[in-house]
Amino acid sequence: MHNAEIAMIGLGVMGKSLALNLVDHGFQVAGFDLNSDNVARAQQEAATLAAMPGKGRFLAAANLTELLAQLATPRVIALSVPAGAVVDQVTDELLAAGLQPEDIVIDTGNSLWTDTEVRERRYQGKLRFFSTAVSGGEAGARHGPSLMASGDPSAWQYVKPMWHAIAAKVDADGMPVGPFDDGEACAAYLGPAGAGHYVKMVHNGIEYADMQLICEVYHYLSEVLAMPAADIGQVFARWNQGVLNSYLMEISADILQTRDPETDRPFVEVVLDKAGQKGTGLWTAVNSLQEGTPAPTIAQAVFARAMSSQKTQRITAASLFKAQAKSASVPDREAVLDDLHDALYCAKLAVYAQGFDLLKTTSERQGWQLDFAAIAKIWRAGCIIRAIFLQQVTAAYQQNPALENLLFAEHFRTELAERATGWRSAVANAALQGVPMPGIGSALSYFDALRCAVLPANLLQAQRDYFGSHTYSRTDQPEADKFHLTWNATPRVQQAQ
Ligand code: 6PG
């Protein structure tokens, strides 16, 4: 046959959706999965599509040899298999089945970026190893994901037309348009192997933090203002019309207004408050700690999930420590809501600033030359963190690709100047009311620390020198010169009587 343009190995939720998206856009797709139910489902759904004009075809293969025979050359094979050893296993099996050095294997899973780097080296000369991180969940994969590609640049010319066709699209104002409308595709080649998966990892770190920030506002409104879930959902729906417009805001508004079909209670109240995680947020937090580039709100989002999982300990603590007495006076609800709105927005800006700072650090260290405007662009639609304000992030990096920190861009400086007071009130009130706000609070501390030309690390350096002779630099000497004080022999300042 030799006419399929791409093969998909792994036809689970994501693999099947990507395959159908390709068929929908007129590509001939070969598919393979060890699970025959997955193959049957993909075949059935593709058959419905194929009946329409302009659609591609889906060809199921019984094994890898048959799959390779169905492909035009160079063969392009996308893997949608669990991250980790399975990626190596399948790639090795493809080599054994006859893959050639010019053939292209694309890892579309949530792989650890350093694994992707190792794989590219390992398969060099044997095949062209490429990666494309996919964001947008099942619906995104099916109707328009955000695609973060990287790896062998010679492979991109074969992959690009397909990725551009199936990705989410935005119009000239950065607003999402339909999957078949003209628009700018949310798919880009970001750099050498590892870069795409690194960018996706940071995307997920931001995703963790963004979700946590929204959850903290929900918590405060239900605890302090005693608002029913559906009312909070309506507030979120209203906020979603403005600067906070985002996919996560939209789904949170919808979730909060949903009732449990079993009990008719607000759905969110029947969901156990123990968060799961697959690990990409943790990878981002670890990377931030290892690089020494602060992303405290992303780390706090991971800690918040960990804290939520310690349910038994929390139940004990709740009985041991009385809740903070709530203020007797009825708070000005509208003012509280305004403060929380601004707190959520400012904290979100700080989270993105942390994420882009990580991208900058690693881009410099790895020599990737990441294009931050291009990254902001492909996050404007399709992915989980899509948000209206990514248009301003794009503009900020287009204006100044070397922007030191996202918060320094003029647009965001103005926003912070106007909204920081509400942010402070929200955090202060949460502390007074005893409602945790680790994400929004840590974002404020990040902002405040960032604006301190002098931090108390002078005392910290002196402490280190005092107990460990770790030396210090002086403010009146070049930083590279290190000093140690002979503490025992040094006079102390006399107290004025
Ligand atoms: C996406 C999501 C996706 C996945 C998360 C879930 O961009 O489409 O980020 O990759 O839903 O990895 O992560 P947790 O299970 O760790 O919350």
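This is a short chat about the ligand site and domains of a predicted model.

Biologist: Before we start, what are the ground rules here?
Modeller: The model is predicted, so local features need pLDDT of at least 70 and side-chain atom pairs count only at pLDDT 80 or more, while totals for chains, interfaces and linings use all residues. Residues are numbered from 1 along each chain as its sequence is written, and side-chain values use heavy atoms, with hydrogens and water left out.

Biologist: OK, how many residues surround the ligand?
Modeller: 15 of them, where near means a heavy atom within 4 Å. The closest are Ser135, Lys200, Glu207, Tyr208 and Lys278.

Biologist: And which helix gives the most to that shell?
Modeller: Helix α8, residues 195-223, with five residues. Helices here are DSSP runs (H or I, at least four residues), numbered from the N terminus.

Biologist: What polar contacts does the ligand's oxygen side make with Glu207?
Modeller: A side-chain N or O atom of Glu207 is 2.6 Å from a ligand oxygen; a polar contact is a pair of N or O atoms within 3.5 Å. For Lys278, a backbone N or O atom lies 2.7 Å from an oxygen atom of the ligand.

Biologist: Switching topic, what domains are there?
Modeller: Domain 1 (6-193), domain 2 (200-450) and domain 3 (458-489), with bounds from an automatic or database domain assignment.

Biologist: Why does the ligand lie between domain 1 and domain 2?
Modeller: Because both domain 1 and domain 2 give residues to the shell around the ligand.

Biologist: How far apart are the centres of domain 2 and domain 3?
Modeller: 38 Å, taken over C-alpha atoms.

Definitions and conventions
A polar contact is a pair of N or O atoms within 3.5 Å; within protein, one must be able to donate a hydrogen and the other to accept it, and residues adjacent in sequence count only if both atoms are side-chain atoms. Helices (H or I, at least four residues) and strands (E, at least two) are DSSP runs, numbered from the N terminus.
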